Amino acid sequence: MNEKDAQRFWAKVDKSGDCWEWTASRRNGYGQMGLDGRVEYAHRISYQMVNGAIPPGLVVRHSCDNRGCVNPAHLEIGTLEENNQDAIDRNRHAPASKTAHYGSDNGRAKLTDSQVAEIRSLYIKGQRGYGSKVLAEKFGVGSAHILRIVRGQNRVQS
Ligand SMILES: [Zn+2]
């Protein structure tokens, strides 16, 4: 990576906090930047500037669990399996407030208005694969709940 690209890279980074936040475009929460005609993940670029090339088959992981962070001190190399296991562990131990809307502990899982709108639009358009069961899994509610949402919309339309 040349000096000019490096300057371009660090100009997009907010180093004011412990995590160095990527301020330009993102994909799935990860920062990204065009480099040598390709789009590269920002945290991978950052890692490689400090540590050199990433060995084949390995991934750069965030020890801080902040996808938008490009602080080399928060980046480490690992396998994809380790990365996936991290995600599973974090999900399992996540505080209740974060997971509440996925569960149906109280029998009436809550969905936001925009989620309801998305469910209706996916179901009504008859998009491939979006039956009530798939939608129920996608949004973490019971399929009966999905059907109630969808039927409500049908009544309004007819
Ligand atoms: Zn960080």
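This is a short tour of a predicted model, going from the whole chain to a few chosen residues.

**Stop 1: the whole chain.** Start with the cartoon view and colour by secondary structure. You should find seven helices and seven strands in the protein chain. Trace the protein chain along its sequence and the pattern reads α-β-β-β-β-β-α-β-β-α-α-α-α-α. Of the 158 residues here, 15% are buried. Now think about contacts between residues at least 6 apart in sequence: 42% of these join residues at least 24 apart.

**Stop 2: the largest core.** Select Phe9, Trp20, Trp22, Met33, Tyr41, Ala42, Ile45, Cys69 and Val70, and show their side chains. These nine residues form the largest nonpolar core. In soluble globular proteins, nonpolar side chains tend to be buried together.

**Stop 3: Ala42.** Keep Ala42 selected. Which residues is Ala42 in contact with, leaving aside its neighbours within four places in sequence? They are Trp22, Tyr30, Gly31, Gln32, Met33 and Val70. Apart from the core you have just seen lies another one, made of seven residues. To find this second core, select some of its members, including Tyr123, Phe139, Val141 and Ile149.

**Stop 4: Asn66.** Next, go to the loop between β6 (58-62) and β7 (75-79), where Asn66 is found. Why does Asn66 count as partly exposed? Because Asn66 has 18 C-beta neighbours inside 10 Å, while a buried residue needs 20 or more and an exposed one has 12 or fewer.

**Stop 5: Asn66 and Cys19.** Finally, add Cys19 to your selection. Asn66 and Cys19 lie 47 residues apart in sequence, yet their C-alpha atoms are 7.7 Å apart in space.

Key
Residues are numbered from 1 along each chain as its sequence is written. This is a predicted model: local features need pLDDT of at least 70, side-chain atom pairs count only at pLDDT 80 or more; totals for chains, interfaces and linings use all residues. A nonpolar core is a set of buried Ala, Val, Leu, Ile, Met, Phe, Trp, Tyr and Cys residues joined through C-beta atoms within 7 Å. Two residues are in contact if their C-beta atoms, placed from the backbone, lie within 7 Å. Helices (H or I, at least four residues) and strands (E, at least two) are DSSP runs, numbered from the N terminus.
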